[in-house]
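Open the model in your viewer and keep the selection panel at hand. This tour goes from the whole chain down to individual helix contacts.

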Amino acid sequence: MLISLTVNDRRYSLEVDPSMRLVDLLRDVLGFTSVKEGCSEGECGACTVLLDGRAVTSCTIMAFQADGSEILTVEGLESLGELEPIEKAFIENDAVQCGFCTPGMIMSVRALLSKNRKPSEEEAKRAIEGNLCRCTGYVPIIRAIMDAAERMG
Ligand code: FES
Ligand code: FES
């Protein structure tokens with residue numbers, strides 16, 4: 001199938017197999033390896049990206065379903081060589097351990113902060129409830145979200 005989509009501000013038109021998932025397209029075809037695959041069942045959130053501004057698990061969406069969409073991954077956050085505030089907040093609050101969950105977490109946080117610049121801790125927790133951290137570093141992650149909100153506010 002021929003599809004067209006925008007990933008991190010760059011437009012792509014390409015043939016995809018109807019059975020290809022969005023995570024495969026992003027990682028294996030386009031090389032956006034920040035998108036991690038953990039459970040492959042929509043349960044861990046490691047593969048979270050923004051699709052038209054909404055946080056989605058890219059392992060549960062077929063590539064052809066993203067036809068005409070705008071996708072954002074962590075690779076698209078940096079601008080002019082500068083990390084964006086959410087990334088800085090994660091690093092400076094020690095919210096990254098092995099880092100496997102981090103790109104998906106950051107995209108969920110980005111979706112939250114694009115709608116709500118002053119989230120409560122409860123709202124921050126809810127925003128990442130679909131993102132599992134196997135290193136269980138949730139306390140610094142919530143601290144990083146609150147810090148990122150302040151930096152962006
Ligand atoms: S790999 Fe997609 S939700 Fe776990
Ligand atoms: S930092 Fe290791 S899984 Fe979250």
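The stops below run from overall fold to domains to helix packing.

**Whole chain.** Show everything as a cartoon. This is a predicted model. The protein chain holds five helices and five strands. Followed from the N terminus, its elements read β-β-α-β-β-β-α-α-α-α. The radius of gyration is 15 Å, close to the 15 Å that the globule rule gives for 153 residues, so the protein chain is as compact as a globular protein of that length. Along the principal axes, the C-alpha atoms fill a box of roughly 45 × 30 × 25 Å.

**Two domains.** Select 2-76 and give it one colour: the assignment calls this domain 1. Select 85-152 and pick another colour: that is domain 2. Their C-alpha centres are 21 Å apart. How many residues does each domain bring to the contact? Domain 1 gives 14 and domain 2 gives 13.

Now stay on the domain 1 side. Select 48-51 and 54-57. These are β3 and β4, the elements that each supply two or more residues to the side touching domain 2. The largest share, three residues, belongs to β3. Colour this side of domain 1 by class: eight residues are nonpolar, four polar and two charged.

**Helices α2 and α5.** Move to domain 2. Two packed helices are described by the angle between their axes and the distance between the axes. Select 85-92 for α2 and 138-152 for α5. Their axes lie 8 Å apart, at an angle of about 140°. The range for roughly antiparallel starts over 145 degrees, so α2 counts as oblique to α5. The crossing is right-handed.

Show side chains for the contact. From α2, take P85, I86, A89 and F90. From α5, take A144, D147, A148, R151 and M152. Seven of these contact residues are nonpolar, none is polar and two are charged.

**Helices α3 and α5.** Keep α5 and add 102-115, which is α3. What angle do these axes make, and how close do they come? They cross at roughly 40° and come within 11 Å. That makes α3 oblique to α5. This crossing is right-handed.

Show M105, V109 and L113 on α3. On α5, show I141, I145, A148, A149 and M152. By class, the contact has eight nonpolar residues, with no polar and no charged ones.

**Last selection.** Pick A148 and M152 on α5. Both take part in the contact with α2, and both also appear in the contact with α3.

Methods:
Residues are numbered from 1 along each chain as its sequence is written. Chains are lettered from A and ligands numbered from 1 in the order in which they are written. This is a predicted model: local features need pLDDT of at least 70, side-chain atom pairs count only at pLDDT 80 or more; totals for chains, interfaces and linings use all residues. Domain bounds come from an automatic or database domain assignment. Two residues are in contact if their C-beta atoms, placed from the backbone, lie within 7 Å. Helices (H or I, at least four residues) and strands (E, at least two) are DSSP runs, numbered from the N terminus. Ala, Val, Leu, Ile, Met, Phe, Trp, Tyr, Cys and Pro count as nonpolar, Asp, Glu, Lys and Arg as charged, and the others, Gly among them, as polar. Axes are lines fitted to C-alpha atoms, for helices over the stretch in contact, and angles run from 0 to 180 degrees between N-to-C directions. Angles under 35 degrees count as roughly parallel, over 145 as roughly antiparallel, 65 to 115 as roughly perpendicular and the rest as oblique. A crossing is left-handed if the near helix is turned anticlockwise from the far one by less than a right angle, and right-handed if clockwise. The radius of gyration is taken over C-alpha atoms; the globule rule is 2.2 Å times the number of residues to the power 0.38.
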